[in-house]
Amino acid sequence: MSGRLLGLLLVVALSACGRSANVDVSGRDTFLRHCASCHGPEGKGDGPLAASLTRPPADLTRIAERNGGRFDERAVMAVIDGRREVVAHGERDMPVWGAVFEEEGRGEPYPAYQSLLKSRFLVDYLRTLQRGSP
């Protein structure tokens, strides 16, 4: 089941229970809001804040290319949510998005799950940015 479908199901389920669900179901919108300032709107590492970082941000359109043609979802998710440090980031300029997303969801139902969904939506979106992707 795709992350987008899973997110939509969560929104519908929470709405049916009379609860609000503040889950952004667009990986692109999440990317533009949280990642584009450093990685650029197309993920090429050329965002407006890139020059101010200790090391240049990665070109996210080349994740699979740098990994022998394989887009490793687990590794990408671990970088986004903060479970895996990125040596190239040095002193971690990149926020631990899992914690940021969970904090954004405080007061909403299941903030940890919402954080996981946002990270998943980003991974799904990043897959579409890969050079040569369908």
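## A walk through the helices

Start by selecting Trp97 and Phe101: both sit in helix H6, four residues apart, or about one turn of the helix. Keep in mind as you click around that this is a predicted model. How do the two rings sit against each other, in distance and angle? Trp97 and Phe101 form a stacked aromatic pair, 5.7 Å from centre to centre with 25° between the planes. Trp97 is buried, and Phe101 is too.

Now show the rest of H6. Gly98 joins Trp97 and Phe101 as buried residues of this helix. Look down the axis of H6 and you'll see why they belong together: the buried residues fall within an arc of 105°, so they line one face of the helix. What covers them? Bring up H2, helix H5 (73–81) and H7, which are among the elements covering the buried residues of H6.

Next stop, helix H2, residues 27–34. Colour Gly27, Thr30, Phe31 and His34, which are buried. These residues span an arc of only 100° around the axis, which puts them on the same side of H2. Their cover includes helix H3 (36–39), helix H6 (97–104) and helix H7 (111–129).

Stay on Phe31 and add Tyr125. The protein has two aromatic pairs by the ring-pair rule. In the pair of Phe31 and Tyr125, the ring centres are 5.5 Å apart and the planes stand at 45°, so this one counts as tilted. Phe31 belongs to helix H2 and Tyr125 to helix H7, so the pair ties together parts that are 94 residues apart in sequence. Is Phe31 buried or exposed, and what about Tyr125? Both Phe31 and Tyr125 are buried.

Time to come up to the surface. Select Tyr110, Tyr113 and Leu116: together they make a nonpolar surface patch with about 320 Å² of accessible area. Leu116 is part of helix H7. Its relative accessibility is 43%, so Leu116 counts as partly exposed; the band for that runs between 20% and 50%.

Finally, zoom out and switch to cartoon. You should find seven helices and zero strands, which reads along the sequence as α-α-α-α-α-α-α. Of the 134 residues, 40% count as buried. Take the contacts between residues at least 6 apart in sequence, and 47% of them join residues at least 24 apart. Turn on the surface for a last look: the protein exposes about 7,900 Å², and carbon and sulfur atoms supply 54% of that.

Conventions: Residues are numbered from 1 along each chain as its sequence is written. This is a predicted model: local features need pLDDT of at least 70, side-chain atom pairs count only at pLDDT 80 or more; totals for chains, interfaces and linings use all residues. Side-chain values use heavy atoms; hydrogens and water are left out. Buried means under 20% relative accessible area, exposed over 50%, partly exposed in between (1.4 Å probe, protein chains only). Helices (H or I, at least four residues) and strands (E, at least two) are DSSP runs, numbered from the N terminus. The arc is that of the directions from the helix axis to the C-beta atoms. Contact means heavy atoms within 4.5 Å. Patches are made of residues with over 30% relative accessible area and no salt bridge: like charges are joined within 9 Å, nonpolar side chains (Val, Leu, Ile, Met, Phe, Trp, Tyr) within 5 Å. Accessible areas come from the Shrake-Rupley method with a 1.4 Å probe; for residues, only the protein chains shown count as cover. A salt bridge is a side-chain nitrogen of Lys or Arg within 4 Å of a carboxyl oxygen of Asp or Glu. Rings of Phe, Tyr and Trp (its six-membered ring) pair if their centres lie within 6.5 Å; planes under 30 degrees apart count as stacked, over 60 as edge-to-face and the rest as tilted.
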